[in-house]
Amino acid sequence: MSVRRRQRGFTLVEVLVALGIVAIALMAGLQATGALTRNAQRQSDLLLAQMCAENELIKVRLAKQMPGVGDTSISCEQAGLVLNVALVVRSTPNPNFLRVDAQVFKEADPIVRLSTVVGFY
């Protein structure tokens, strides 16, 4: 009488299914890590761009004279990143005030826009 002993272990199909599940989980983790990295870079760019825009608007407010109406492009470097600031000065219905917009670009992509109103003192 031969006694058949049942072998214990995993079949090839079970191993392949487990490997497929692990591969899908690793891909999802990789995508999540990429999204976090892109978001961190975006936050850094936004902070630096906001500093550039605020600096330009503060310069306008601290100047002893009203800025001229028109468009100006200024280069701004923050933390080794070179950004372009488009300063747009427009008149308002009240001739004693001017609207000043500072829009910051990284290459051709807009990052942030800040606005203020300056007036005669």
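In the next few minutes I will go through salt bridges in this structure, which is a predicted model.

The structure contains 4 salt bridges, and I would like to take you through some of them, looking each time at the two partners and at how far each one is exposed.

Let me begin with Asp45 and Lys106, whose closest N and O atoms lie 2.8 Å apart. This pair joins distant parts of the chain, since Asp45 sits in helix H1, residues 12–62, while Lys106 belongs to strand E3, residues 97–106, and the two are 61 residues apart. Is Asp45 buried or exposed? Asp45 counts as buried, because its relative accessibility is 8% and the cut-off for buried is under 20%. Its partner Lys106, by contrast, has a relative accessible area of 24% and is therefore partly exposed.

The next pair is Lys59 with Glu56, where the side chains meet in a salt bridge at 3.2 Å from N to O. Here both residues lie in helix H1, 3 residues apart, which is about one turn of the helix. If you look at the two ends of this bridge, Lys59 counts as exposed at 53% relative accessibility, whereas Glu56, with a relative accessible area of 7%, is buried.

Finally, please find Asp101 and Arg99, whose side chains form a salt bridge with an N to O distance of 3.0 Å. Asp101 counts as buried, at 9% relative accessibility, while Arg99 is partly exposed, its relative accessible area being 40%.

So, as you turn the model, you can look for the buried Asp45, the buried Glu56 and the buried Asp101, and then trace each one to its partner.

Definitions and conventions:
Residues are numbered from 1 along each chain as its sequence is written. This is a predicted model: local features need pLDDT of at least 70, side-chain atom pairs count only at pLDDT 80 or more; totals for chains, interfaces and linings use all residues. Side-chain values use heavy atoms; hydrogens and water are left out. Helices (H or I, at least four residues) and strands (E, at least two) are DSSP runs, numbered from the N terminus. Buried means under 20% relative accessible area, exposed over 50%, partly exposed in between (1.4 Å probe, protein chains only).
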